[in-house]
Amino acid sequence: MFSWANKDQGGRSKEGDMFQTVTEGLQTLYTRKLLPLEETYLFHDFHSPALEEADFQSKPMVLLVGQYSTGKTTFIRYLLEQDFPGMRIGPEPTTDGFIAVMYGENEGVIPGNALVVDPKKPFRKLNAFGNAFLNRFICSQMPNQVLQSISIIDTPGILSGEKQRISRGYDFSEVLRWFGERVDRIILLFDAHKLDISDEFSEAIRALRGQDDKIRVVLNKADQVDTQQLMRVYGALMWSLGKVINTPEVVRVYLGSFWAKPLQNTDNRRLFEAEAQDLFRDIQGLPRNAALRKLNDLIKRARLAKVHAYIISHLKKEMPSLFGKEKKKEELIARLPEIYLMLQREHHISPGDFPNVTKMQEQLQHYDFSKFPSLKIKLIESVDKMLTNKISGLMTLIREEERTQPAQMVSGGAFQGSEDSPFGRGYGEGISAGADADDWIVSRDKPRYDEIFYTLMPINGKVTGVNAKKEMMNSRLPNTVLGKIWKLSDCDCDGMLDDEEFALAQHLIKVKLEGYELPNELPAHLVPPSHRKNPTADILFNHQED
């Protein structure tokens, strides 16, 4: 059992806080410290519904968002390597609702109305969006190894035009915002042939504002254009995203073709494989970082709840006791930007912690300010103590869990298809080339390297460091890289290179110039035969040389 020593360290206080897991700690702190503040100042009406046990216990979730026919459902099929119940794929808009793809012992579909009354699922608060949404929401359950670690949310394809936004019957952007606050990763999918961002797509991306750290972008079907076109498409996509995602940081974009069919253009095959592996590693790390993500979201929620309490209590304080309430209310709503600035200075709050002023003004129209609660310092102080003391204790507990428990990784499906086979990334390439060969791979180019070696005036079969340096500098590689190559090649550490060590150095230079990374230690298959401890290898090599 993990516990903390004293109250000063955010550990076991006089309230008896002691948690066995991070999840239990988060849930307890939210219920005891933050929830009373939220309920008092109507936080759930303005911002986000209250969190429940399932929100803390649920697996990491991945939300897929994109316009129609960008390959969202196919992407899920590609990860799972099997069809899932309720799946429909086609060039036309096929997925017309939200599908939560989750693990279940029995394959089947749970309708939305039944899903939102299940306390074990983290979707109960979606009930607020009504039957128009719930009729378009299902949970697809199946026994799949990937789904044992993560859940995936498929969304309707976004069309352009006003008609599509009106005809849904529910607030699509608000549903996305609800999911965005609770998922661990948001993947925006784009088609290489359809880079235009429609009005509804722009609105959907804006609904995800505040979750920028969760967003990744996938440029799908990139094999359908050649290299020159791909460069133009990538540039156009970054330009389009820059107009919608107003951040100075460049969002991470993964290029590839995420389906199990032959590539139409193989010029960029290595690039696509590298990008796919990077994306897979990002998704695989979600279970390991799930507790940290929930802790981060709880901190963001607590900061927003504090600011909301200051706003509501200030509006209450400014209201007259008897006459002119409506006029004062209109005045306060109009002056809300000024009130934000005043609260920033008074309570030393960052401007980024305040909610959107326009949306807040719209929501405040429906409330009677005179019925708002006054500022309760004890509730604010309780949340402040949670942020300064308790959270640091949970961070310690997270590190302790990481150290004592095995690393959690997404496995199965596309995540393990090629790693332990000749089709794994980098197999037989770069430094790994020749690992399964009978001969020493350097010997294939050794005659050419020997010609250079004997021009460097070897003494007793070895060239000095000074002479070797002159030749190695011709590669134009940085001194730090050449220094590493020298250490890897000088197998006997005598400060000189014999013909095999020199050939090895030239081989490593070639590997680096081809764009591959160098190892920290020389792999066994690259050790020169004369420097190996196995005499059988020396005999085999000498026999081949003869």
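Select strand β1, residues 61-66, in this predicted model. The strand is mostly covered: six of its six residues are buried. Colour its two faces separately. M61, L63 and V65 lie on one side, and V62, L64 and G66 lie on the other. Both faces are covered.

Keep β1 on screen and add strand β5, residues 151-154. The two strands run parallel and are joined by three bridges. Pick L63: I153 in β5 stands opposite.

Now add strand β6, residues 185-191. β6 also runs parallel to β1, with five bridges joining the pair. Pick G66 here, and find L189 of β6 opposite.

**The whole sheet**

Show every strand of the sheet. There are eight, in the order β3-β4-β2-β5-β1-β6-β7-β8. The sheet is open and its pairing is mixed. Go to the edges: β3 (108-111) and β8 (253-255) each have a single partner strand, so one side of each is left without a neighbour in the sheet. Ignoring direction, neighbouring strands are turned by 25° against each other on average.

Next, select strand β2, residues 98-103, with strand β4, residues 137-142. Six bridges pair them in the parallel sense. Label Y103 and its bridge partner in β4, M142.

**Helices on the sheet**

Select helix α10, residues 227-244. This helix lies across β6, β7 (215-220) and β8. It runs at about 155° to β8. Then select helix α11, residues 269-284. α11 packs on the sheet as well, touching β6, β7 and β8. Its direction makes about 135° with that of β8.

**Two helix pairs**

Move to helix α8 (residues 172-182) and helix α9 (residues 199-207). Their axes come within 8 Å and cross at roughly 35°. The crossing is right-handed. Show side chains for F172, S173, L176 and R177 of α8, then E200, E203, A204 and A207 of α9; these make the contact. By class, four are nonpolar, one is polar and three are charged.

Finish with helix α12 (residues 286-318) and helix α14 (residues 336-347). Here the axes come within 11 Å and cross at roughly 115°. The two helices are therefore roughly perpendicular to each other. α12 passes α14 in a right-handed crossing. On α12, select Y310, I311, H314 and L315. On α14, select L336, I339, Y340, M342, L343 and H347. Together these residues make the contact. What classes do the residues of this contact divide into? Eight are nonpolar, two are polar and none is charged.

Definitions and conventions
Residues numbered from 1 in each chain as written. Predicted model: local features only at pLDDT ≥ 70, side-chain atom pairs only at ≥ 80, totals over all residues. Heavy atoms only, no water. Axes fitted to C-alpha atoms, helices over the stretch in contact; angles between N-to-C directions. Helix = DSSP H or I, 4+ residues; strand = E, 2+ residues; numbered from the N terminus. Left-handed = near helix turned anticlockwise from the far one by under 90°. Contact = heavy atoms within 4.5 Å. Nonpolar A, V, L, I, M, F, W, Y, C, P; charged D, E, K, R; others polar. Parallel < 35°, antiparallel > 145°, perpendicular 65-115°, else oblique. Buried < 20%, exposed > 50% of the residue type's maximum accessible area, 1.4 Å probe, protein only. Pairing = 2+ DSSP bridges.
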